[in-house]
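Biologist: Before I use any of these labels, I'd like to know what stands behind them. Can we go through them one at a time?

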Amino acid sequence: MDNSEGYAIELRRIVKRFPGVVANDGIDLKVHRGEIHCLLGENGAGKTTLMRVLYGLYRPDEGEIILNGQPVQMTSPRAALNHHIGMVHQHFRLVPTLSVEENIVLGLDEGTGPFMNFRKTREKISAIADDYGLSVDLQTKVWQLAVGQQQRVEILKALYRKVDILIMDEPTSVLTPQEVDQLFTTLRTLVDDGLTIIFITHKLEEVMQVSNRVTVLRKGKVVATLLTAETDKPTLARLMVGREVVFRLKKSPMEQREKLLEVNDLHALNDRGLPVLRGVSFDLFGGEILGVAGVSGNGQSELAEVLTGLRKSTKGRVFLAKKEVTNCSAREITDLNVAHIPAERIRMGIVPALSIRENLILKKYRRPSFSRREFLNNKEVEENAQRAMSDYQIAAPSYETPAKLLSGGNIQRVILARELSENPSLIVAVHPTYGLDIGATEQVRQVLLAQRERGAATLLISEDLEEIMTLSDRIMVLFNGEVMGILDAESADIEKIGLMMSGTRRKGEEL
Amino acid sequence: MKSRVGFKVERRPIASGRVVLFVSLLAILAAFVVAGIFFQIYGVSAIRAYQLILRGSLGSRFGLTETVRRAIPLLLCGVGLTIAFRALFWNIGAEGQLLMGAVAAAGIALFSGLPGPLLLPAMFIGGFIGGAAWGLIPAILKVMLGLNDVITTLMMNYIAIYFVEWLIHGPWKGPSVRGFAYTDTFPRAAWLPTIYGTRIHWPTLVLGLVLAVVMYIMVTRTRSGFEIRVIGENPDAARFAGISQLKTTLIVMLISGGFAGLAGMGEIAGIHLRLLGPTHISMGYGYTAIIVAWLARRNPLAVIVTSLLFGVIMTGGDVIKVSLGLPFQLINVFNGLILFFLIGSEILLRYRISFLLRR
Ligand SMILES: Nc1ncnc2c1ncn2[C@@H]1O[C@H](COP(=O)(O)OP(=O)(O)OP(=O)(O)O)[C@@H](O)[C@H]1O
Ligand SMILES: [Mg+2]
């Protein structure tokens with residue numbers, strides 16, 4: 001008999017099979033009470049699946065869950081909640097049309113009888129928010145929040161339910177560096193207050209920064225469980241990928257090319273009808289990557305939407321290859337060979353119920369290769385799917401698999417394959433490596449650089465400053481809907497960009 | 001020794017075709033069991049009632065042909081509804097669209113003065129346009145003004161019903177029918193041919209079967225079908241892909257309304273040979289077709305089977321009226337129960353429930 005008393009959670013030989021894959025193949029995991037335990041693994045390693053087993057969303061085919069020394073049956077998320085386990089999902093599960101506080105109390109018996117006592121709950125929520133630095137306006141509707149803020153709501157929701165164990169599935173992939181720091185501070189405070197946190201990630205940096213111990217998963221199996229203090233990044237990388245990893249990107253100097261995109265004094269409103277872009281102007285050249293840096297919610301995503309025809313501008317003009325495209329429809333923009341990797345991939349990038357094959361032609365089904373007049377050319381559609389699955393290493397039993405069954409990273413690969421396979425002239429990429437493991441991230445960056453080499457103009461919107469610094473030729477900083485300045489990537493340093501991101505305009509900048 | 005039965009509930013990744021079929025049959029079975037209670041309340045043994053219904057609707061040549069002729073309007077309306085439902089347009093208005101198709105066809109039959117051979121084709125086209133126009137109104141209201149499709153399509157039914165009543169009591173009341181509220185009988189050239197000795201107006205039946213196949217191909221193989229599915233499954237992704245909500249909504253309602261209009265044309269030109277009271281023209285085909293389309297899981301080909309099933313139930317209604325002296329309306333209980341269990345059973349498609357014996 002081993003002593004399980006010291007563990008908050010013990011998973012024993014968990015096996016979970018899906019048609020065609022063994023997502024969890026005999027996993028043992030022990031999590032100490034009061035620690036931050038990282039689960040590290042590449043896309044499709046089985047991290048999310050394991051946590052869904054623990055959270056009662058999946059029943060394991062084999063294995064046991066032991067909480068505080070007692071074996072338990074985790075039959076549903078409600079059961080998990082009764083055991084004080086909460087989970088912040090990789091893709092958030094909030095109701096967009098409800099307000100923050102409504103989302104937080106949703107499903108709980110609050111107030112007296114059928115009536116909600118919002119004043120009391122509001123006080124309670126505010127108290128929690130203050131304690132842990134999770135400020136967010138409680139009356140705002142969730143659809144109006146940036147992803148970073150939505151995450152805070154998810155955490156608040158769990159804390160409001162008095163969880164002891166908090167599972168966070170890739171929480172940082174949507175956050176700015178500042179927000180990540182804030183989150184880490186929050187997590188440490190939580191741990192100090194006695195919570196246990198399981199933190200899923202594939203970023204080595206974060207493992208080193210935040211965790212006490214780390215368990216590395218590969219292809220559904222545990223490779224190792226280590227004390228973070230006794231390991232280092234190269235070791236973890238090797239364990240995770242199963243081979244030596246080299247971090248190296250080749251980027252040739254930019255050639256002088258022609259101007260591809262010209263944006264003049266662009267104005268637009270956000271979903272709440274407030275000005276979100278206030279006179280944005282910039283040029284983008286073929287063969288160039290222009291990185292857009294900024295704290296989330298400063299107009300980046302709206303800029304991407306205006307440029308791709310999903311949002312109308314209220315003032316200003318946009319020229320693509322010398323042709324005016326101001327307020328053209330999404331279809332007209334797509335037809336001009338503009339690729340768009342959207343920020344919210346589940347909501348916009350894919351149709352979850354349709355197959356990989358169909359998702360791969362989502363924006364391209366009208367191209368002559370995929371359909372003649374009305375009829376889809378099934379042979380070509382299938383070949384396209386086969387090609388994309390091997391080129392972009394989309395891991396799935398077949399191209400008929402519905403997109404909703406793919407792991408987070410594989411969904412992103414489907415989108416990338418669709419958007420980038422046809423040599424676009426302009427690429428609007430929003431968080432393109434969001435949720436991808438190191439291998440896949442490198443691959444995406446290679447692809448973006450290859451497109452640049454080929455002459456494509458790329459607008460790279462990312463909240464990962466490191467990514468912007470490595471890929472961009474120039475860096476534009478947005479603050480409050482205005483351009484704070486455009487820097488050469490060579491001469492840019494993180495501090496300067498950080499200052500501009502918080503609203504300091506670059507002196508003597510002319511655009 | 002303590003032993004108890006436990007069960008575990010789990011999300012299903014995708015329900016296979018076999019599971020869908022099994023669950024649907026289960027829902028129907030459950031509806032029949034509960035409806036049996038109603039027969040018992042009327043003092044009739046449920047087993048005997050079902051025996052009679054089956055014998056009456058499938059066991060004789062006459063019953064069989066009645067089943068088929070009832071299935072025709074259900075097939076046409078049902079196929080159209082699968083398309084609307086795929087695009088998440090909740091068309092509850094097939095009943096009104098059917099009536100307006102009948103009105104248009106009747107108008108052509110009575111007043112167009114077209115020469116014989118042109119009359120029926122013109123009535124088909126008119127029936128389609130009548131139903132489609134009625135269906136397009138709520139479509140436009142939804143896309144332009146954001147009005148709720150369930151409510152507008154439902155309300156349009158009542159407008160159609162009273163419009164028909166007004167026509168047959170007023171301007172279109174036949175001079176030769178004295179006190180009755182219906183139009184004159186159509187000229188012979190406006191009668192649909194029937195299979196000899198039955199009331200099966202076969203051109204409409206053939207049309208329904210062909211359209212079921214065509215719509216199946218459209219949904220699975222064409223650009224429009226792809227657009228319809230994308231809009232239905234994820235409207236945001238549709239916007240992202242530049243698919244026009246307006247165009248797609250108009251197309252599905254053109255189809256859905258038009259097919260219901262064809263059904264109306266079939267009923268008056270194949271059975272009644274005149275325009276008459278709305279409840280006589282339709283007997284609620286437009287509403288029943290909602291269940292038909294849903295039971296078919298929005299698959300146009302499967303509507304061929306489900307419309308026949310409801311043909312059996314409707315013919316069964318005649319049987320229980322004649323042989324058992326029970327009200328025909330009892331079949332509405334069936335319809336309601338089937339829809340009830342069908343919607344209830346959706347949960348079984350999303351979750352797998354397995355029973356285990358624990359000790
Ligand atoms: N419901 C499901 N049905 C079928 N297969 C599934 C299902 N959920 C996950 N899988 C498969 O199981 C494997 C593990 O997926 P999982 O989502 O756990 O990976 P992950 O480690 O969270 O990856 P990522 O970092 O990309 O989010 C993948 O191959 C995935 O395609
Ligand atoms: Mg995952």
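Modeller: Sure, and let's start with "buried": a residue gets that label if 20 or more other C-beta atoms lie within 10 Å of its own. Keep in mind that this is a predicted model.

Biologist: What makes α14(A) largely enclosed by the rest of the structure?

Modeller: Count its residues with that cut-off: 13 of the 13 residues of α14(A) are buried, so the helix is largely enclosed.

Biologist: And how do you know what span is expected for α14(A)?

Modeller: The expected span is 1.5 Å times one less than the number of residues. For the 13 residues of α14(A) that gives 18 Å, and the helix reaches 18 Å from its first C-alpha to its last, so the two fit.

Biologist: How do you know that helix α4 of chain A agrees with the rule of 1.5 Å a residue?

Modeller: Its 15 residues, 118–132, should span 21 Å, and the end C-alpha atoms are 21 Å apart, so it agrees. Right after α4(A) comes A:G133, with a positive phi near 65°.

Biologist: Why is A:L460 called buried?

Modeller: The cut-off is 20 or more other C-beta atoms within 10 Å. A:L460 has 27, so it is buried. This residue sits in strand β20 (residues 457–461) of chain A. Leaving out residues up to four places away in sequence, A:L460 touches several others, including A:I289, A:V292, A:A429 and A:I468. A:A429 is 31 residues away along the chain, yet its C-alpha atom is separated from that of A:L460 by 5.0 Å.

Biologist: What makes A:P342 buried, given that it is found in a loop?

Modeller: The label comes from the count: A:P342 has 24 other C-beta atoms within 10 Å, so it is buried. The loop runs between β16 (338–341) and α11 (345–349) of chain A. Outside its neighbours within four places in sequence, A:P342 is in contact with A:M348, A:G349, A:V430 and, from the other chain, B:F240. For A:E382, 40 residues away along the chain, the C-alpha separation from A:P342 is 24 Å.

Biologist: Now the whole chains. Why is chain A said to be as compact as a globular protein of its length?

Modeller: Chain A has 17 helices and 22 strands. Its radius of gyration is 23 Å, close to the 24 Å that the globule rule gives for 511 residues, so the description fits. The C-alpha atoms fill a box of roughly 75 × 55 × 50 Å along the principal axes, and 47% of the residues of chain A count as buried.

Biologist: How do you know whether chain B follows the globule rule or departs from it?

Modeller: Chain B has 14 helices and two strands. With 359 residues the rule gives 21 Å, and the radius of gyration is 22 Å, which is close, so chain B is as compact as a globular protein of that length. Its C-alpha trace spans about 85 × 60 × 30 Å along the principal axes. Buried residues make up 47% of chain B.

Biologist: What makes the site around ligand 1 shared?

Modeller: Residues from chains A and B surround ligand 1, so the site is shared between chains. The shell has 20 residues, and the closest are A:F18, A:N43, A:T48, A:G408 and A:G409. The largest share, three residues, comes from α1(A). By type, the shell has nine nonpolar, ten polar and one charged.

Biologist: What do the two chains put into their contact?

Modeller: Chain A puts in 30 residues and chain B 21. On the chain B side, α8(B) gives the most, with six residues. That side divides into eight nonpolar, four polar and nine charged residues.

Biologist: Last one: which residues have the most contacts inside the largest nonpolar core?

Modeller: They are A:V414, A:V428, B:C77, B:A102, B:A105 and B:M123, in a core of 180 residues. Another core lies apart from it, with 65 residues, among them A:I9, A:C38, A:V105 and A:L166.

Notes:
Residues are numbered from 1 along each chain as its sequence is written. Chains are lettered from A and ligands numbered from 1 in the order in which they are written. This is a predicted model: local features need pLDDT of at least 70, side-chain atom pairs count only at pLDDT 80 or more; totals for chains, interfaces and linings use all residues. Two residues are in contact if their C-beta atoms, placed from the backbone, lie within 7 Å. Helices (H or I, at least four residues) and strands (E, at least two) are DSSP runs, numbered from the N terminus. Ala, Val, Leu, Ile, Met, Phe, Trp, Tyr, Cys and Pro count as nonpolar, Asp, Glu, Lys and Arg as charged, and the others, Gly among them, as polar. A residue is near a molecule or strand if its C-beta atom, placed from the backbone, lies within 6 Å of it. The radius of gyration is taken over C-alpha atoms; the globule rule is 2.2 Å times the number of residues to the power 0.38. A residue is buried if 20 or more other C-beta atoms lie within 10 Å of its own, exposed if 12 or fewer, and partly exposed in between; C-beta atoms are placed from the backbone. A nonpolar core is a set of buried Ala, Val, Leu, Ile, Met, Phe, Trp, Tyr and Cys residues joined through C-beta atoms within 7 Å.
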